[in-house]
Amino acid sequence: MERRTEPSAILLAGALACAVTVACLGPVRAQSSGGPLNFLDNLFTGTFAKGNATNSQAPQPAPNGGPVPWSGEDGASGHPLMTASAIREAAANFDNCIAGMWPDAARRGISQDSFQRFTTGLSPDLRIMDLLDAQPEFTKSIWDYLDILVNDNRLAKGREVLTTYKAQFDATERAYGVDRYIIAAIWGIESNYSTQIGDRNVLQSTATLACIGRRQAYFKDEFLSALEILHHGDLKPEQMRGSWAGAFGPTQFMPTAFKRYAVDADGDGRRDVVDNAADLIASTANNLKKDGWQAGQSWGYEVVVPQGFNYMLADRAKVMSLAQWEQIGVKRPNGQTFPRPTEKAYLLAPAGAQGPGFLMMQNFRVIMKYNPAEAYALAIGHFADRLRGGQPFVQAWPRDERTLSRAERLELQQLLVQRGFYQGTPDGQFGGQTREALRNFQASIGAPADGFASAEVLERLRGR
């Protein structure tokens, strides 16, 4: 998302979505950590591919429960700035790197006193280098993902939050036109209602990434933005704790996103998205509104896809009115109708022909700007519907279907290359190009061209 661009975090959320929906994104937001990392940490078992190690695994916890140290190994990306020697060299120059950013800080209006006060004593957190280049092995399907995120306990807490802060939600809906249930869903899924915000020092994390590793230019902006926040007094240093990539607060803002979207809703002179419910709710709504939220419109609808459907139409680029989708047999379950048939949507089939379909509208795309993973956006939309009193999805998921491992996803891409369907570089991460290649292969063998990476499709590619 534009808002938070935690590279690995986004990548984590995206990789999970890709693993289960064959719909991925490129590295960006962090977004795809701090925020997503908070809940994704519990959804997968991770392995870290380091250098040329033959049996790489995540660094083991430090003795006595202390901080996990840096592995001391090359990063899996192979980037020259992620070699162990480059990391050590940059770490040795950390103080000079920070001092060298003073002119840029001054141009942003940060006083020398603030710069010295907030940077004195900063030291790099090299463990972040392992996290920056982590290659997780996702083991959860989309239905397991939804089961974990949209559960009775979180729903109960969400309804409590909606009641407790009714006045703040009322004011925010009037000012921004953003559905309160979507905001409450983001709050619940990003941080389990402020209980899982993250415990890393945001200034230290962004400083580390600004001076060490392969994303220095991006994180320099985040670091300087964090300094601006502290200098202006919107937040105190102890409030700026979050993910390793710098996302903080109950709805996980990156520092640059805070600058763009944070608002002082209660007029107390501070934009406090951590401990002030009015500012938190309004700032999250402002983020969604500026990303294109359509007031009064749903995020999407569960639909029944008819037998023999042409799944080549299940594509974000193929947008039709809800009435047009109905005309070709795509309808809501149980005879329900679309409230506004002229609204436009695209079809998402996250489990292919074996599972439910969804017609996704503009607001679904807006949620994906917050976190560009289809599984995440679907969880937010469904959670919001449940909070407003809606029912679980009607259609069954193919729960007996096995989710492919990263090694199998990589093999699938390699086999698509061999057969001439895929022109990209196999990396085990599924995006639109992989989905299109997979569809073309499925069409060539007379199977439903739904782009779903099942174990059966992999076996067909293997020629067995």
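In this predicted model, Glu459 is partly exposed, with a relative accessible area of 28%. The side chain of Glu459 meets that of Arg462 in a salt bridge, at 2.4 Å from N to O. Arg462 likewise counts as partly exposed, at 25% relative accessibility. Both residues belong to helix H21 (residues 455-462), and because they are three residues apart there, about one helical turn separates them. The spacing fits a familiar rule: an α-helix has 3.6 residues a turn, so residues three or four places apart point the same way. Elsewhere, salt bridges with shared partners link Arg108, Asp221, Glu228 and Lys259 into one network.

How many salt bridges does the structure hold? The total is 24, and a further two deserve a description here. Asp315 and Arg439 are joined through their side chains, with an N to O distance of 3.3 Å. Asp315 is located in the loop between strand S5 (300-303) and strand S6 (320-321), while Arg439 is part of helix H20 (residues 432-444), so this salt bridge ties together parts that lie 124 residues apart in sequence. The two partners fall into separate accessibility classes: Asp315 is partly exposed, at 21% relative accessibility, whereas Arg439 is buried, with a relative accessible area of 4%. The value for Asp315 is best read with the cut-off in mind, because buried means under 20% relative accessible area. A further salt bridge pairs Arg388 with Asp385, and their closest N and O atoms are 2.5 Å apart. Arg388 is partly exposed, with 39% relative accessible area.

Turning to helix packing, helix H8 (residues 142-149) offers a clear pattern of burial. Its buried residues are Ile142, Trp143, Tyr145, Leu146 and Leu149. Around the helix axis these residues cover an arc of only 155°, which means that they sit on the same side of H8. H8 also packs with helix H18 (residues 374-387). Two packed helices are described by the angle between their axes and the distance between the axes. For H8 and H18 the angle is about 40° and the axes are 10 Å apart. The two helices are therefore oblique to each other, and the crossing of H8 past H18 is right-handed.

Helix H19 (residues 406-418) can be checked against the expected helical rise. With 13 residues, H19 reaches 18 Å from its first C-alpha to its last, close to the 18 Å expected at 1.5 Å a residue. Which residues of H19 are buried? They are Arg406, Glu408, Arg409, Leu412, Gln413, Leu415 and Leu416, a list that includes charged side chains such as Arg406 and Glu408 along with leucines such as Leu412. Just after H19 comes Gly420, whose phi is positive at about 85°.

Positive phi values also occur in the loop between helix H11 (180-191) and strand S3 (200-201), where Asn192 is found. Most residues other than glycine have a negative phi, and most peptide bonds are trans. Against that background, Asn192 is not a glycine and yet has a positive phi of about 50°. Ser194 lies in this loop between H11 and S3 too, and its phi is near 75°, again a positive value in a residue other than glycine. As for accessibility, Asn192 is partly exposed at 23%, and Ser194 is partly exposed with a relative accessible area of 32%.

Two C-alpha separations complete the picture. Ile183 is a residue of helix H11 and counts as buried, at 2% relative accessibility. Along the chain Ile183 and Leu162 are 21 residues apart, and their C-alpha atoms are separated by 9.8 Å. Phe452 is placed in the loop between H20 and H21. Is this loop residue buried or exposed? Phe452 is buried, with a relative accessible area of 7%. In sequence Phe452 is 101 residues away from Ala351, while in space the C-alpha atoms of the pair are 6.2 Å apart.

Definitions and conventions:
Residues are numbered from 1 along each chain as its sequence is written. This is a predicted model: local features need pLDDT of at least 70, side-chain atom pairs count only at pLDDT 80 or more; totals for chains, interfaces and linings use all residues. Side-chain values use heavy atoms; hydrogens and water are left out. Buried means under 20% relative accessible area, exposed over 50%, partly exposed in between (1.4 Å probe, protein chains only). Helices (H or I, at least four residues) and strands (E, at least two) are DSSP runs, numbered from the N terminus. The arc is that of the directions from the helix axis to the C-beta atoms. The expected span of a helix is 1.5 Å times one less than its number of residues. A salt bridge is a side-chain nitrogen of Lys or Arg within 4 Å of a carboxyl oxygen of Asp or Glu. Axes are lines fitted to C-alpha atoms, for helices over the stretch in contact, and angles run from 0 to 180 degrees between N-to-C directions. Angles under 35 degrees count as roughly parallel, over 145 as roughly antiparallel, 65 to 115 as roughly perpendicular and the rest as oblique. A crossing is left-handed if the near helix is turned anticlockwise from the far one by less than a right angle, and right-handed if clockwise.
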